[in-house]
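I'm opening my notebook on a new structure today. I'll jot down what I look up as I go.

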Amino acid sequence: MLKDLHLYLEIISLLIALFFYKDLKRNDAMFYFIPFLIVTALVEMGAKWIWKERNEKFLLFNIFTAAEFVFYSILFRIHLNNKVLRYIIILLIPFYLILFILNVIFIQGLTTSFHSYTFLLGSFFMVVYSCFFLYESILPESINVRLSRQPFFWITIGLLIFYLGSVIINALVEYLTKSDFQKQGIIIYQNITNSLNVILYGSFSIAFILCRNNRKTSSSP
């Protein structure tokens, strides 16, 4: 049951978003989390119950996680105020997709392994974007609403912790799954991954609830 915790959390987060549907619709790009979470849940359920083969799962998750980085990048582009940063994000989206395509065609494969190289690169981008947003949020001209009352602040915190943790755990995954440490290593990996998912989808849920009383975040352009 614990290994499917991320799926349950995704569904709970989706249900909360649907419950606050009207409020999310008034809050800039937050509304798009509803179709995004629907696709996320379908991908996870498809991998669990429909696509059983490893090559099918690699194909599914490689494409989805690449699209996931594009979705989050667009959200940061909307919520950042600095025009230069927003322009850089627009340039980095096709740059990332090109690297992803080259990686899965010539290096790691689309159906034979997970695109760990470009996943780490995408995680790095998410951490950088998160730091830029948090920096902008503490500037004097931006603080007219408490950070803890801003929905996208919680989205950012969730993404920052999740992708920082993902970089660390994926860098250690080979060590954790060595034959002499395999059983304990897998348990450690699953526990850390589950904890990161609790933080990520917990943060999303808080953001959706806050949308009820915040029609626009103070950091929106």
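Which residues does Tyr 72 touch, not counting residues up to four places away in sequence? I found Phe 33, Phe 36, Met 126, Leu 159, Tyr 163 and Phe 204, where contact means heavy atoms within 4.5 Å.

Before going on, I noted what I'm looking at. This is a predicted model, where local features need pLDDT of at least 70, side-chain atom pairs count only at pLDDT 80 or more, and totals for chains, interfaces and linings use all residues. Residues are numbered from 1 along each chain as its sequence is written, and side-chain values use heavy atoms, with hydrogens and water left out.

**Entry: the whole chain**

I looked up the helices and strands: the chain has eight helices and zero strands. Both kinds are DSSP runs numbered from the N terminus, helices being H or I with at least four residues and strands E with at least two. Along the sequence I read the pattern α-α-α-α-α-α-α-α. Of the 221 residues, 44% are buried; that word means under 20% relative accessible area, while exposed is over 50% and partly exposed lies in between (1.4 Å probe, protein chains only). I also checked contacts between residues at least 6 apart in sequence, and 73% of them join residues at least 24 apart.

**Entry: the core**

Back to Tyr 72. It is one of the residues that touch the most other members of the largest nonpolar core, along with Met 30, Phe 33, Phe 76, Tyr 163 and Phe 204. This core has 50 residues. A nonpolar core is a set of buried Ala, Val, Leu, Ile, Met, Phe, Trp, Tyr and Cys residues joined through side-chain atoms within 4.5 Å. Helices that each supply at least two residues include H1 (5-19), H3 (33-49) and H8 (182-210). H4 gives the most, with nine residues.

**Entry: H3 against H4**

How do H3 and H4 cross? Their axes come within 11 Å and cross at roughly 165°. Axes are lines fitted to C-alpha atoms, for helices over the stretch in contact, and angles run from 0 to 180 degrees between N-to-C directions. H3 and H4 are therefore roughly antiparallel, the word for angles over 145 degrees (under 35 is roughly parallel, 65 to 115 roughly perpendicular, the rest oblique). On the H4 side I found Tyr 72 again, and among its H3 partners in this contact are Phe 33 and Phe 36. The residues of this contact divide into 11 nonpolar, one polar and three charged. For the sorting, Ala, Val, Leu, Ile, Met, Phe, Trp, Tyr, Cys and Pro count as nonpolar, Asp, Glu, Lys and Arg as charged, and the others, Gly among them, as polar.

**Entry: H5 against H6**

I did the next pair too. H5 and H6 pack at about 165°, with axes 9 Å apart, which makes them roughly antiparallel. Their contact has 13 nonpolar residues, three polar and one charged. Phe 100 of H5 and Phe 119 of H6 are among the residues that make it.

**Entry: two single residues**

Leu 110 sits in the loop between H5 and H6. Is Leu 110 buried or exposed? Neither: I get a relative accessible area of 28%, so Leu 110 is partly exposed. Leu 110 and Leu 59 are 51 residues apart in sequence and 5.6 Å apart in space, C-alpha to C-alpha. Leu 110 also touches Phe 100, among others.

Ser 166 lies in helix H7. Its relative accessibility is 5%, so Ser 166 counts as buried. Leaving aside neighbours within four places in sequence, Ser 166 is in contact with Phe 119 and Leu 196.
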